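Welcome to a short tour of a protein model. Keep the structure open beside the text, and find each residue as you read about it.

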Amino acid sequence: MSHYVQIHKLPGHEDVRLPEKMSGSASGYDLYAAVEEEVVLQPGERRLIPTGFAIAMPDGLEAQIRPRSGLALKHGITCLNTPGTIDADYRGEIKVLLINLGQEPFAITRNERIAQMVFMEVPQVTFEQVDVLSETVRGEGGFGHTGK
C-alpha cells in the first residue's frame with residue numbers, strides 16, 4: 001500500500017538533500033543535516049540537529065526517527081528517545097536528537113547523513129476496561145525475566 005506524504009523544503013535549505021532510500025529494499029529514508037556551520041558533538045553531548053524540511057502525513061501514519069547503524073558502530077553516534085515519533089498532525093521542521101556515546105568528538109557537516117526515517121501505520125484502538133486480564137504463560141514477567 002502506498003501513502004502520499006507531502007514534503008516542504010524550508011527557506012534557506014534549498015541545497016539540503018531530501019530524505020532518500022539508499023537501496024530499493026531499504027525501509028528507512030536517510031536524513032541529512034541542515035546545520036548552518038559544522039557542529040561538533042563532544043563525547044556525552046547531545047544536540048538537536050535540523051533537517052531543513054517539514055512533512056504532512058495522512059492520519060493513520062507516523063514517521064519514526066532512528067539511528068544510522070554505521071554512525072552508531074563506527075562513532076557511537078545515536079538518537080535519543082529512539083524511535084522518535086513524528087505524529088501525522090505535526091507540521092514543524094523535522095529535527096534529530098543526536099548524542100555522542102563515543103570516545104572522540106564527532107563533527108556534523110551540512111548534508112551529512114545523520115539518521116533515518118521509517119514510516120509506520122498506526123492502528124486505531126478502543127480500550128475496554130475490565131476487572132481481570134486473561135492469563136498467559138508469561139504473566140507479569142518482564143524486563144529480562146526470560147534469561148540473561
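Let us begin with Asn81, which counts as exposed because its relative accessibility is 55%, and exposed means over 50%. Bear in mind that this is a predicted model. You will find Asn81 in the loop between S6 and S7. Its backbone has something to look at too: phi of Asn81 is near 45°, a positive value in a residue other than glycine.

The same stretch of chain holds another backbone feature. Pro83 lies in the loop between S6 and strand S7 (84–86). The peptide bond that leads from Thr82 to Pro83 is cis, and its omega is near -5°.

A positive phi also turns up at Asn111, where the value is near 70° and the residue is again not a glycine. Asn111 sits in the loop between strand S9 (106–108) and S10. With a relative accessible area of 24%, Asn111 is partly exposed.

**An annotated set of residues**

Which residues does the UniProt annotation "binding site" cover? According to this unreviewed entry, they are Arg68, Ser69, Gly70, Asn81, Thr85, Ile86 and Asp87. They are spread over 20 residues of sequence and are also spread in space, with up to 26.4 Å between C-alpha atoms.

Asn81, our starting point, is one of the residues in that annotation. Two others make a nice pair to look at next. Arg68 lies in the loop between strand S5 (61–66) and helix H1 (69–75), while Ser69 is found in helix H1.

Is Arg68 buried or exposed? Arg68 is buried, because its relative accessible area is 17% and the cut-off for buried is under 20%. Ser69, on the other hand, is exposed, with a relative accessible area of 61%. Leaving aside residues up to four places away in sequence, Arg68 touches Asp30, Ile77, Arg113, Ile114, Ala115 and Gln116.

**The four-stranded sheet**

Now turn to the strands. Strands of a sheet pair through backbone hydrogen bonds, either parallel or antiparallel. Here, an open sheet of four strands follows the order S1-S4-S8-S6, with antiparallel pairing. At its edges are strand S1 (6–9) and strand S6 (77–79), each of which pairs on one side only. From one strand to the next, the twist averages 45°.

You can walk across the sheet one pair at a time. S1 and S4 pair over four bridges in the antiparallel sense, and in this part Ile7 stands opposite Ile55 in S4. Next, strand S4 (residues 46–56) is joined to strand S8 (residues 93–100) by six bridges, and these two also run antiparallel. Finally, three bridges join S6 to S8, again in the antiparallel sense.

The table lists some residues that face each other across S8, so that you can locate them on the model.

| Residue | Opposite residue in S8 |
|---|---|
| Arg46 | Ile99 |
| Pro50 | Lys95 |
| Ile77 | Asn100 |

Ile77 may look familiar, as it is among the residues that Arg68 touches.

How many of the 11 residues of S4 are buried? Eight of them are, so S4 is largely enclosed by the rest of the structure. S8 is mostly covered as well, with six of its eight residues buried.

**The largest pocket**

Our last stop is a piece of empty space. Rolling a probe the size of a water molecule over the atoms shows where empty space is left. The largest pocket contains about 310 Å³ of space. Its lining is made up of 15 residues, and His3, Val5, Tyr29, Leu61 and Phe119 are the ones that lie nearest its centre. The elements that give two or more residues to this lining are S4 and strand S10 (113–121).

Which element gives the most to the lining of the largest pocket? That is S10, with five residues.

To finish, try tracing S4 once more on the model. This strand pairs with S1 over four bridges, joins S8 through six bridges, and is one of the elements that give two or more residues to the lining of the largest pocket.

Note on methods
Residues are numbered from 1 along each chain as its sequence is written. This is a predicted model: local features need pLDDT of at least 70, side-chain atom pairs count only at pLDDT 80 or more; totals for chains, interfaces and linings use all residues. Side-chain values use heavy atoms; hydrogens and water are left out. UniProt positions are given in the numbering used here, feature names are shortened, and annotations may be inferred rather than shown by experiment. Buried means under 20% relative accessible area, exposed over 50%, partly exposed in between (1.4 Å probe, protein chains only). Contact means heavy atoms within 4.5 Å. Two strands pair if DSSP finds at least two bridges between them. Axes are lines fitted to C-alpha atoms, for helices over the stretch in contact, and angles run from 0 to 180 degrees between N-to-C directions. On a 1 Å grid over the protein atoms alone, a cavity is a set of points where a 1.4 Å probe fits but cannot get out, and a pocket is an open set with protein on both sides within 12 Å along at least five of seven lines; lining residues have an atom within 4 Å of a point. Grid points are joined across faces, edges and corners, and a volume is the space filled by probe spheres set on the points.
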